[in-house]
Amino acid sequence: FVVTDGSLTINKRSVTLTSASDSKVYDGTALTNDKVTVGGADGFADGEGAEYNVTGTQTNVGSSDNTFTYTLKKGTKADNYDIKTENGTLTVTPVTDKVTVTITGNTASEKYDGTEKTVTGYKVTNISNPLYKEGDFTFSGSAVAKGTNAGTYDMKLKPADFTNNNKNFSNVRFEIVDGSLTISPA
């Protein structure tokens, strides 16, 4: 008798774990998506699988990986699987609706006395979107009105003096109520 021994080869199952992709318009809260899809040529065997901890998050405008980790369920042996992971993408886009910031220059009234009078500064009197804050823009002009003689002196504030620095808002408009100094005759 000539015996040729038989054999059985069990190949590893091919599994791809992919976290979800998602997107939204900026709203001040973190974008998350906890879904993980099981794919690949084979997937997990019946009754086996994994549990997922999805940690990806995106709050401000931009994109990032929807990162995650996994732990194989009890009875699922890593040696039986060829597991690949792929991260989805979380994307936050800017608010495109118009945001109006109303700037009101300070005013003052003085009586002429031969000395120079001055009024400075401005107030933010209204912002149409509560997510947009005073710290989201910068001022590069001069908020000053000054004069010596009787008359009215304007600050000459203009929208171009203000710059939006928050990338979460792409359509910010500055409306100006100019400040002034009024000197009345003695």
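Are Tyr26 and Phe169 buried or exposed? In this predicted model, Tyr26 is buried, and Phe169 is buried too. Their rings also form a pair. The ring centres lie 5.5 Å apart, and the planes meet at 75 degrees. Planes over 60 degrees apart count as edge-to-face, so this pair is edge-to-face. Tyr26 sits in the loop between β2 (22-25) and β3 (36-39). Phe169 sits in the loop between β16 (162-164) and β17 (172-177). The pair therefore ties together parts that are 143 residues apart in sequence. In total, 9 aromatic pairs were counted.

A stacked pair is formed by Phe162 and Phe174. Here the centre-to-centre distance is 5.5 Å, with 25 degrees between the planes. Phe162 belongs to strand β16 and Phe174 to strand β17. The two residues are 12 residues apart, and their pair links distant parts of the chain. Phe162 has a relative accessible area of 5%. Buried means under 20%, so Phe162 is buried. Phe174 has a relative accessibility of 10% and therefore counts as buried as well. Both residues also take part in one aromatic cluster, together with Tyr122, Phe137 and Phe139.

The aromatic residues lead on to the nonpolar cores. In soluble globular proteins, nonpolar side chains tend to be buried together. The largest nonpolar core in the model has 23 residues. Among those with the most contacts inside this core are Phe137, Phe169 and Phe174. Val101, Ile103, Tyr132 and Val172 also belong to that group. Strands β8 (88-93), β9, β17 and β18 (180-184) each give two or more residues to the core. The largest share, 3 residues, comes from β9.

Phe137 shows how these parts meet. Beyond its neighbours within four places in sequence, Phe137 is in contact with Val101, Ile103 and Tyr132, among others. Its contacts also include Tyr122, Phe162 and Phe174, which share the aromatic cluster with Phe137. Val124, Thr163, Asn164 and Asn165 are further contacts of Phe137. A separate core has 8 residues, including Val36, Phe44, Ala50 and Tyr81.

Strand β9 spans residues 99-105 and contains Thr102. Thr102 has a relative accessible area of 15%. That value falls under the 20% cut-off, so Thr102 is buried. Residues up to four places away in sequence aside, Thr102 touches Lys123, Val124, Thr125 and Asn126. Glu175 and Val177 are touched by Thr102 as well. Val124 is thus a contact of both Thr102 and Phe137.

Key: Residues numbered from 1 in each chain as written. Predicted model: local features only at pLDDT ≥ 70, side-chain atom pairs only at ≥ 80, totals over all residues. Heavy atoms only, no water. Helix = DSSP H or I, 4+ residues; strand = E, 2+ residues; numbered from the N terminus. Buried < 20%, exposed > 50% of the residue type's maximum accessible area, 1.4 Å probe, protein only. Contact = heavy atoms within 4.5 Å. Phe/Tyr/Trp six-rings, centres within 6.5 Å; stacked < 30°, edge-to-face > 60°. Core = buried A, V, L, I, M, F, W, Y, C linked by side-chain atoms within 4.5 Å.
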